[in-house]
2 protein chains.
Amino acid sequence: MRKTLIFGHKSPDTDTICSALVYADLKSVLGVEAQPARLGDVNQETQYALDYFGAEAPERIEEVGGDVSDVILVDHNESQQSADNLQDFRISEVIDHHRVANFETKEPLYMRVEPVGCTATILNDMYKEKGVVVSPKNAGLLLSAIMSDSLLLKSPTCTEADREAAYELAGIAGVDVETYGLDMLKAGADLSDKSAYD
Amino acid sequence: MRKTLIFGHKSPDTDTICSALVYADLKSVLGVEAQPARLGDVNQETQYALDYFGAEAPERIEEVGGDVSDVILVDHNESQQSADNLQDFRISEVIDHHRVANFETKEPLYMRVEPVGCTATILNDMYKEKGVVVSPKNAGLLLSAIMSDSLLLKSPTCTEADREAAYELAGIAGVDVETYGLDMLKAGADLSDKSAYD
Ligand SMILES: [Mn+2]
Ligand SMILES: [Mn+2]
Ligand SMILES: [Mn+2]
Ligand SMILES: [Mn+2]
């Protein structure tokens with residue numbers, strides 16, 4: 001049985017965690033056995049998003065296990081940001097929004113890199129292309145990723161596509177873009193402040 | 001004025017030449033000033049396709065000119081197959097169907113690599129996504145690319161997507177898939193035979 005593992009970069013941020021979770025879910029709906037994973041601790045901002053929308057963090061792995069046939073990279077492509085034993089596995093897909101560097105495959109693959117502010121924005125498009133409806137929970141996770149990468153839609157990397165996706169996803173998730181986004185960023189900031197006094 | 005140059009690999013084949021021509025045309029329809037180019041001689045198979053559908057070969061260049069702001073790579077991504085001075089220019093897009101290697105950008109880009117048999121198959125999808133109708137001439141060029149890369153739809157790299165695109169494009173171009181494809185491949189083969197006796 002071929003198992004596909006989907007993960008983002010080391011020192012995971014909200015886009016990396018939420019995109020792995022949501023893309024694994026989309027793949028499952030499409031009939032592909034896919035499991036999300038993560039290469040590091042969940043930060044407090046991301047934990048807030050997971051708790052808010054009732055999601056579990058993906059399993060933490062140190063390296064890719066031997067029962068995996070294919071890996072899908074989300075939110076990164078550079079090998080130094082990825083699993084240490086990546087070169088031992090077939091990379092079947094990459095969904096990302098960063099520059100491409102230090103990346104290479106032995107075989108053809110599906111690689112989708114777009115100059116937008118967040119991987120979640122690309123995933124939102126993929127749901128539409130596949131004709132799959134985004135659940136409120138997944139919409140909330142994708143929205144969280146966009147609000148995080150775009151710093152509340154204000155970062156210079158934020159595009160019109162990210163903004164449109166955020167408002168659309170907030171409607172599905174049933175939250176207010178600004179209120180939810182600010183609460184999520186605060187949850188991350190509050191706890192970093194606390195840890196400074198630990 | 002920003003000028004975008006679109007080209008395929010060195011030792012150009014029919015997919016490289018036709019994809020550069022057709023994608024430059026699609027870009028122009030979409031309002032982007034884009035020019036096709038080529039990095040080597042047009043082979044006899046490709047010349048047959050160009051003549052058959054009334055197209056001109058793109059301009060031959062030795063390297064990318066200084067008036068170019070952006071380059072778009074089609075049908076390749078590895079730097080050793082590309083223009084020698086590629087690293088001096090911003091790569092804004094890649095449309096390809098090969099493994100990814102020896103490729104790197106300084107900035108985010110639109111990179112679309114799919115595990116299909118031909119770049120032209122991806123371009124056919126892009127026309128649909130953009131809601132642009134493929135002209136009979138462009139359909140003929142895309143069909144030629146598919147028949148060439150897939151060796152008349154028989155190569156192991158040929159996918160169902162390539163087959164479907166070929167039949168659809170042949171309908172638009174007004175030719176028979178098998179008859180036209182065989183004539184095109186013969187045109188290439190005949191002249192290689194000849195040159196062996198030169
Ligand atoms: Mn990230
Ligand atoms: Mn990201
Ligand atoms: Mn080629
Ligand atoms: Mn090709």
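**Manganese sites and the helix α4 in both chains**

B:His9 is buried, its relative accessible area being 13% (buried means under 20%, exposed over 50% and partly exposed in between, with a 1.4 Å probe and protein chains only). The structure is a predicted model, in which local features need a pLDDT of at least 70 and side-chain atom pairs count only at pLDDT 80 or more, while totals for chains, interfaces and linings use all residues. Residues are numbered from 1 along each chain as its sequence is written, chains are lettered from A and ligands numbered from 1 in the order in which they are written, and side-chain values use heavy atoms, leaving out hydrogens and water.

A word on confidence comes next. Chain A has an average pLDDT of 95, and 95% of the residues score at least 70 (pLDDT is the predictor's confidence in each residue, from 0 to 100). For the complex, the predictor gives an ipTM of 0.93 and a pTM of 0.94.

In chain B, B:His9 coordinates the manganese ion (ligand 3) through NE2, together with B:Asp13 (OD) and B:Asp75 (OD), at 2.1 to 2.2 Å. Donors here are N, O and S atoms within 2.8 Å of the metal (3.2 Å for Na, K and Ca), and sites may look incomplete because water is not among the atoms. Along the sequence, the donor residues of this manganese ion (ligand 3) follow the spacing H-x3-D-x61-D. B:Asp13 is partly exposed, with a relative accessible area of 22%. B:Asp75 serves as a bridge between the manganese ion (ligand 3) and the manganese ion (ligand 4), and 3.5 Å separates these two ions.

Turning to chain A, the manganese ion (ligand 2) is held by A:Asp15 (OD), A:Asp75 (OD), A:His97 (NE2) and A:Asp149 (OD), at 2.1 to 2.2 Å. The sequence spacing of these donor residues is D-x59-D-x21-H-x51-D. A:Asp75 bridges this manganese ion (ligand 2) and the manganese ion (ligand 1), with the two ions 3.5 Å apart. A:His97 sits in the loop between β5 (90–96) and β6 (110–113) of chain A, whereas A:Asp149 belongs to helix α4 (residues 136–149) of chain A, so the pair ties together parts that are 52 residues apart in sequence. These elements are DSSP runs numbered from the N terminus, with helices being H or I of at least four residues and strands E of at least two. A:His97 itself is buried, at a relative accessible area of 8%.

The helix that carries A:Asp149 can be followed further. The 14 residues of α4(A), at 1.5 Å a residue, should span 20 Å, and its end C-alpha atoms are 20 Å apart, in agreement; the expected span is 1.5 Å times one less than the number of residues. Of the 14 residues of α4(A), 12 are buried, so the helix is largely enclosed by the rest of the structure. Among the buried residues are A:Leu141, A:Leu142, A:Leu143, A:Ile146, A:Met147 and the donor A:Asp149. Just after α4(A), A:Leu151 adopts a positive phi of about 45°.

Helix α4 (residues 136–149) of chain B can be described along similar lines. An expected span of 20 Å for its 14 residues agrees with the 20 Å between its end C-alpha atoms. α4(B) is mostly covered, with 12 of its 14 residues buried, including B:Asn138, B:Gly140, B:Ser144, B:Ala145 and B:Asp149. B:Leu151, which follows α4(B), has a positive phi near 45°.
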